[in-house]
Structures are given as C-alpha cells and as structure tokens.
Amino acid sequence: MHMNPAAAEGTILSLSQSPRPYQACKYILENSQLANARFQAAGAIRDAALREWVSLEIDDKRGLISFCFHSAIQYASSPEGYVQAKVASVAAQLIKRGWIEFSAAQKETFFLEVRQAVVGSHGLDVQFIGLNFLESLVSEFSPSTSTAMALPSEFHEQCRVSFELEYLKMFYCWAQDAAVSISNKIIESDSAIPEVKVCTAALRLMLQILNWDFKYDANMPDNAKRAIDVFSGGVRDDVSSSKRTECNLVQPGSSWRGILVSSGHIGWLLSFYGALRQKFSCEEYWLDCPLAVFARKLIVQFCSLSGTIFPSDDGNSQKQHLLHLLSGIIPWIDPPGAVSKSMENGKSESELLDGCRVLLYMATVTTLLVFDELLKSIRPYGTLSLLSALMCEVIKDLMVNHTEEETWSWVARDILLDTWTTLLMPLDGSISHAFIPSEGISAASHLFALIVESELRAASASAFSDENEADYLQASVAAMDERLSSYALIARAAINVTVPLLTRLFSEKLARLHQGRGFSDPTQTLEELYSLLLITGHVLADEVQGETPLVPDAIQTQFMDVTETDEHPVVILCGSIIKFAEQSLNPEMRASFFSPRLMEAVVWFLARWSATYLMPPDESKENASSDNHKAKHHQKVLLNFCGEDNQGKAVLDLIIRILMVALISYPGERDLQALTCHELLHGLVRRKNVCAHLLELESWRELANAFASERTLFSLNAAHQRSLAQTLVLSASGMKIPEASSQYVRNLTNHMTAYLVELSSRSDLKHVAEQPDIILFVSCLLERLRGAASATEPRSQRAIYEMGYSVLNPLLTFMEVYKHESTVVYLLLRFVVDWVDGQISYLEARETATVVEFCMRLLQLYSSHNIGKISLSISSSLRSEADTERYKDLRALLQLLASLCSKDLVDFSSEPIEAHGTNICQVIYMGLHIVTPLISLDLLKYPKLCLDYFSLLSHMLEVYPEMVTQLNREAFVHIIASLDFGLCQDAEVIDLCLRAVKGLASFHYKQKCAGKVGLGHHASGYKDHTGNFQEGILSQFLRSLLQFLLFQDYSTDLVGSAADALLPLILSEQSLYQKLGSELIKSQSDPAFRTRLTNALQSLTNSNNLSSTLDRPNYQKFRKNLHNFLTEVRGFLRKI
C-alpha cells in the first residue's frame, strides 16, 4: 500500500462491488496506515451491507454495526478525524437499515454502549466520536438528509416516526448532560482544553435535534397523529415566507415540556454563555469561535419554541420563557449605542446579529402588546423602544458607512425590518392602531424620522455619484418597494407624527428648490424630492392589487378631532404634492426642475394615490346602519378633498394634463412612459365613475385627438402604443348612451383602419412595404389595433367588430407581403387572436362564418409559407432568447384556435352557427391539422407553448373525442406522442393530459358498450414498419398511468384527475389490467407485501359498490377507491 497507493486505492474501491468483502475491509480498517484506504474500506462495508442486507444473518448485521462503532471509538484519538466520522456514519446508516427488524432489546443494548461513550465514560476523544455518531444518526433518520437505500418510502417514514417518538428526546438529553458535565471545567480553564471541542459537538447536536421537522407528539393518542404521506418524496417543504430573514418555528409537542421548558436547561445555557462571554470579553476572536456560535444559535432557536410544548394558561408560560431568554440576551444588544460603538472599534458583529434574530423570533411567536411588555419587567421601557433604538443605531451606521458591499448594518437592518413587519402587519387593516402603546408610537415616530433622514441623505449623496457606484441608491421603484413598504408600516404606527413630518420636509425641499433657482444646482434637492415622493406614496396608500385599495386603517383611525377638510394633515400633505406636480405643466419649470427621473416619481405617486383618494366610491349607503358616526364623519372629511363634488374633477383634469406632458415632452423615456400608460392611465379607467368624468374633460378629448389625428404619440414604443389604445377604448364605458360609446370608439380607430386599407390597396405595395418607416408605422398601427381589441366590452363590441372586419382582407395581404418580417407577422397574429377572443361569443351565425373563414385562410397562408417550421435537429440546438421569439407566433395560432373553441361554450347569437354551415369542431380539427405539423416535441419544452397546446388539445379530446377517429394516422400518432410527453411535465400540464386521456378512453368505452367501433383501429394493436407488435393507445396509457401513480412523485391534487382517466382505461382494457396486476404481485418478494397488494387491487375495483358505468357517482366512488389504494401500497412499492 505504501509503495503504490493508487493501485491499493483501486483495489479497495473494487471491494464495494465484491460479495461479502467484510473481513478484508475490517482488516484494512484495523491495520492500514493509510487514512484514505481506511476511509474507502468503510464505504465498501456500507455499500456491500446495504446491497446484501436481506441475505445477511441478524447476528452478522449487528456485528457489522458493532464493529463500525467500536472501530470509530477505538481510534477516536487519531488525527484523521474524517475517517472516524466516516466509520461512525456507516454505523448510523446500517442501524437505519435494520431499524424495523431489530428488537427493542437489541436497540437498547447497542445504545447503552453509545450512551457510555456520550457521557464520557471512556474519555473525551470517545465522547466526541459518540456525539458525532448521534449527529450522523439524526441526519440519517431525517427525511431531508437521509441516505438513499432503494427501500419503500413507507420504511423511511416508519423509521422516522419511531425515532422521533422513542429516541430523539433521549439523545437530546444525552447531549445536554454531556455539555453540562464539562461546562464548569471550560469556564474555569484559562487555556484551550479538549472539553471545548466536546461541548461544541454537544451543542451542535442539540441544535440539530431542535431543527428536526417535528410531526408527532408522544402525549397525543395514536389516532391524532398524522397519516403517512405516501405521495411526497419525504423532503421537508418549509412554508414559503416573504421575510428577508429565515425564521423556522420549533414545535416539538407537550412531551418535550419537561426537557426544554421546565428543567432549568435554558437557564444553564444562558449562564454558561454569559460566564464565557464575561471571561473572554477582551478576546475579540471568541465571539466567532464554534462554541460561542453554536451556543448563541441554540439560544436563538429556543426563542422560536411554540405550540403545545407550553401549557394552556393564556400564554403565561410562554411569556415567562421568553422573558427568561430576553434577560440573558439583553447584553448582546443593549445599550444599542454602546454596542454599535464596539462594532466601530472592531468587535465582531455576530452576537449583535443573533440578538436581532432573537427579537425577530420573539415577534413571530407573540403579539405586539406581549412583545412590548416583555422588557418592561427588567427595564423602564418596553421592547418596542429597544427595537427602535437598536434600528436607529443600525441606520446611523448605514448613513456613515454606506458602501456597495453588504455590511453588518445591512444584515441587521433587514432582520429588524422583518421584526417590525411581523409585529405591525397584523395591525394594518385588521386591528386598530390604538392598540399600540404610546411609548411604542413614540419609538416608531423617532425611528421613522431617522429613516427618512437616512434615505434623503443617501439620495442627496447619489446625485453626483458615478452610475456604477450608485446602483443601490438608483434602484427602481419596484426594487425599493419591499423596503419602503416596511418603512410605511413603521410610519403608520405613528401616523399622527409622521404625516406632519413628511409635510414639513416636503415644504422645506420645495422652498430650497425655488430659493436656489437660477444660481445653484438643484440635483441634490431633486433626488431628495424623488425619495420623499416614494416614501410618502407608500405611507399614504397601499399597492393596487386588482381591487380599489381602501384608505389604510391607521390613517382612518387617527386625526379624529379634525373637522374641516382643509385642516386634515393628510389633505395638506397631498395638496402640497399635487401643487408641486402641477408645476410640471410650466415649460420653464419643467426644464429647470422636472427631470425624467423626478417625473417618474411624480407619475408613480399620482397613480398610487389616485387609486385610493381620487373620487372614491360613495359608501354612505352601505354604512348607513353603522353606529360609528364619528368615524364616518372623519372619513368623509378626509375623502371629500378629491370627491366628485369637491376638487376631484379639477385634480383629475390636472392629472390628465400631467400625463400628456409625460408622454409627449419626454421622448425616449420608456420607464416614465411605462408608468404613465400602464399604471396611471390604467388606474384611472378601472373605475366607471372616474371614466364618466374623464370623457367630460377637455384634456381627455385632447389626448384622444392626439392619439387619433397626430403623429406625436407614435414616438411611444409598441407596448405603450397598445396600452394607450386599450385605455382610451376602455374609457368608453363611462358613456351612458351605447351609440355614443360606439361612435367614440370609431373616432379613435378610423384613422388606423383607413390607413391600412389604403396601404394594402396600393399597386406598389411590395416596394413601399419594405421601407423601414412603413414597417414601423404598420407595426404601431397593429399594436394600436390589438390594444383596442383587448378592450372589448359589450358596450363597445359592435364598433370594435367593425374595426376588425374592415381590415380582414388587408391583413391577409400583409401576411403575404411581410412573410419574411417575423415581427410584423407576430403582431398581426396577436391582433387577430385578441380581436377574435373578444368578439366570437357576440357574433351572429353569418358573422361567425365570416370570421372562421378568415381564420382558416390565415392559418393556411401561414402554413404555406412554412413560417416557424423548424426541423428537429435545428430546434434542439436553439437556446438563446432571441431564437425562442420565433415560437411566439405558434402560441398565437394555438390561442386563436382556443378562442374559436369558446364559441361552443359561450354564444350570445340569436341562431345556431350551424345555420350557415359552420361547425366549430371541424374547424378546430382542421386548424390542428395545419398547426400540429409545425410543433415538434422539442418545441413543447417551452412552458408557455406547452401549456397553450395541451389546453387546446385537452379541450378538444374532452368535448369532441369522436373527431379523433377522422384523423389520419400521422396526425393521430403525433397527438398521442404529445400526450405521452405531457404526462412527464409539470402538474398543470399533467392534469390537462389526464383529462384528455379520460375523454378518449370514456368515448371508446361508451361507444363499445353501444355496439359501435369507438376509436376503431386506433385502439387496437398493430405491427410497426420493423415488424414489432405495438400496443393500442389505451393499453399504452394504462401502463404509463399505473407506472406514474405507483412509482412517481406528484401532488395529491392529481389523484382525482388520474382516477377519472384510469377508470375508463381499466374498463376498456380489463385483460391487460389483470395481467399488469398479476405481474406487480409476483414482483414482490415479501409475502406480507404480496398479500397487501392483492387485497388492495381487489378493493380498487370492487369496494364502494363500484359498477361498470361512467356516471358521476361512479367516478366519485373510484376516486375514493384509488386514494385508499395508493395510501395502502405506494409506501412499500416506491423505493427511496
């Protein structure tokens, strides 16, 4: 071995595949001087034992485990610690493998030896190895870190349950005893001693156990325990959180109460850490040594204890528990000023950050009032005051030491912001802010003032920074939104102070701006105004999320003594901002002050503010029965400011003029134009009452005329053109007379249709169409048409139909002319899709026939040019985003066919469409004939295209399965191959495919029962071109679906759809089902498993009085049967 280590290593590696290599491996472990050889020998024992486990005698199994454990502790003092860790982990894996078959007495005998090692009976080195062994054992029994053993998932879950209920708490106590037994020696020692390493290992094991995903409580009756989940892969899925800082709660159950809560164990840990902290207070390195780190992590984790571990005593026990912990960690973070000063002097930040995490965990398991009261038992102020003071110090450090690199103050700010959010979020809209203690309100107001100061200072400093050095400060509104939302919650906690503060600051910045006009650079002040607008917008209003946001609860419940609208602090603040925004209408002021960046903030603020405060709906009737007259009057005082009967119309007119300036006077500023079109304009037309006033404004008519008659707005990019057209058409909903709405839409769109008709009829079209300016203009008009089409409503439907109808022939002409201009082709297809989608359900039979005929001509023309048809070899090599753009038109074609499908589902016409010879079913299948050859399986790897394709296919096979029989062999094989592919995709696509399979199988079975051919030759087997027999499609689907259900990972949400597909497959292919069941039973070597599987298969088709009909009650019965069947057998069929 010493002469040729490489050859020796190769020999040892071959032992892993050799039969019964145990004696050779043992010899190597006991005699080899090469650490790597011993490491490999341990791995060989594991591989061979797991492979041959069933054939080994019980004594041999126990002997291997005992040998590995004894070998690990025998050489515990060896400098190659990784070898001993490997050997110990092999022992842990083999124990897991034999866990079910070993008797309780056999386990007890082995663990008695482990306990002797862990408590230190054989010395510190052995104690360390014993603790490492338990750490490996806990890791093996945890689903997220266990070793794959090719065993049923039921085995792993049984091991987990037994381990959690019978051993986990015992191992925790062993680790705790080990740490306690050597803690005094560590405290008393003045030098590094080996006990430190052992104590660190014990604390690490305790922390690992507390991070266990507890699911069971030994004090709960068996029937209250969770059932084994046989559908998931066994990996822990933590609940996703919007917090920036991870926070996992520990809920071990009432059986752990005596160990963790009542034993005084936490007091020992706090005292132990406190004594070491004081002893090494002058040693800067100590806070980051492993012993200190794991002790703090354990303390932090204790703060997250919750659930039934505490008795039902109105939370008193939990409060005492948290107070005890807070008393111990308070020196880490208090006084905040001194702690921050020590950071400046070079002290490690790790203890402070852990202290911040303690506050976050405590906030997570308590309410705001309980959280605040905790500190008052040991300090003259509440926890909210401490939280505020601590964050103030963090903010101060950020102001002084702001860099691009993430510093401790960045991390601390995120943790503390999460703490504030956790405390205040439940109050925002559900509980009155009057519940916040006055001291907490004062703390929040002081903190918010400092936050605003820091943001303004950062904004001012960024004014002249190099762009690359100020990415963080120049972040977009969206990127800053999360942080600003947290700031807003803090501001709302003290809204009676923070609103006047924002008003004062805004006035000061405006005064400075005007005082320095003409002789000082305003850039810094403008950046400060930008920041102030964003902060103020978040404080005053919530984000628009589909519905009209209400005035924040904090604002509604404050300022109750204000009786006049003009005196309301919120009105004063809003009024000052609106007056400032009005100055942008002045060309001179605009040139001096209103940069594109500042205008973005102005437009963003107006969009967010107007959704809540501009012409709010009159809720007086809805609240007529309310007794809270004072609150109603206060709300009226606030909302009257911009109500319909007050200044609402004037402010609305001002907003329209401002947005026109943003669109016209800032060419090329896409971010500003995006905010204007997509946020501000869309927000205004979302509400009918605002639309009614919009149409009466001269400023709105000017905007509509500019859109229809002038070229100025053509400078907007394509997406903004579409959005603007959609907004203008949507505003027609504010007109009371339908004909007036139609005429308004015609006036908006006539210029577009007239130009396209005229252009398409030119004799020199092919030459003219190639000019870049013409291509751009046509593209803009198509985007505008698409925007108008997407705004279809019953009131404007007729006018938009006429708009589309007038350009049908020109569109076909353009499809021919621009066949090599993929951008134009895509825009054309998108317009047709949106137009048909909005119109199809309203059209009469004759109009439907016209639209369908046009769509078929369009599809045929598209196909004839082979647009988008890419060979498999080429498409598999396309990876870049630019190449994927070539597939968007295929998505559009699928969506067009799906829109035509909807005619059969929703139809408002006065006569059936068949009256004019139109059959939607035939039309769609004809469309599929055209489109399907263009879509390869490689293209279906693109998620959006895949979803659209299977949505259409599923609908067609569910609703019109009889049409499948009319497909030719090539088209049919392509569809079946697509379904096979879809069954391997994500849950949504799988569900669609299962519904499609159900449609095919149920159609075939019902047809056969009626004496008809069903799917005919498609359902029967055949010989392929090589002479090999191929099963029919239903047989193929039965095999693949059973394989999927029994052996794959999937969500339980799919079981219902799978049952609906499986029942008709079984009824149609009963002989194959019996054959597959027999093969599955024979494959089980364990007699008990064979019996369980046999009984489960019989129950699947016989229980619950299941019949051979395909009606709704029978489907429901089979769903229950399948769920019970899978719960019974998946646990031992799937191997993990």
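**Exercise 1. Classify the accessibility of Asn 1104 and describe its backbone.**

Asn 1104 is partly exposed, because its relative accessible area is 38%; buried means under 20%, exposed over 50%, and partly exposed in between, with a 1.4 Å probe and protein chains only. The residue belongs to the loop between α51 (1087-1102) and α52, where helices are DSSP runs (H or I, at least four residues) numbered from the N terminus. Although Asn 1104 is not a glycine, its phi is positive, about 60°. Most residues other than glycine have a negative phi, and most peptide bonds are trans.

The model is predicted: local features need pLDDT of at least 70, and side-chain atom pairs count only at pLDDT 80 or more, whereas totals for chains, interfaces and linings use all residues. Residues are numbered from 1 along each chain as its sequence is written, and side-chain values use heavy atoms, without hydrogens and water.

**Exercise 2. Determine whether Met 615 is buried or exposed, and give its phi.**

Met 615 sits in the loop between α27 (596-613) and α28 (629-639). Its relative accessibility is 0%, so Met 615 counts as buried. Its phi is positive at about 45°, although Met 615 is not a glycine.

**Exercise 3. State the geometry of the peptide bond from Asp 334 to Pro 335 and locate Pro 335.**

The bond from Asp 334 to Pro 335 is cis, with omega near 0°. Pro 335 is placed in the loop between α14 (316-333) and α15 (336-344).

**Exercise 4. Describe how α49 and α52 cross.**

Two packed helices are described by the angle between their axes and the distance between the axes. For α49 (residues 1055-1068) and α52 (residues 1112-1133), the axes come within 9 Å and cross at roughly 110°. Therefore α49 is roughly perpendicular to α52, a class that spans 65 to 115 degrees. Contact means heavy atoms within 4.5 Å; among the contributors are Leu 1062 and Leu 1063 of α49 and Phe 1118 and Leu 1122 of α52.

**Exercise 5. Characterise the surroundings of Ser 460.**

Ser 460 is part of helix α20 (residues 438-462). With a relative accessible area of 14%, Ser 460 is buried. Not counting residues up to four places away in sequence, Ser 460 touches Gln 524 and Glu 528. The side chains of Ser 460 and Gln 524 are joined by a polar contact of 3.3 Å, that is, a pair of N or O atoms within 3.5 Å, one able to donate a hydrogen and the other to accept it, with residues adjacent in sequence counting only if both atoms are side-chain atoms.

Terms used:
Axes are lines fitted to C-alpha atoms, for helices over the stretch in contact, and angles run from 0 to 180 degrees between N-to-C directions. Helices (H or I, at least four residues) and strands (E, at least two) are DSSP runs, numbered from the N terminus. Angles under 35 degrees count as roughly parallel, over 145 as roughly antiparallel, 65 to 115 as roughly perpendicular and the rest as oblique.
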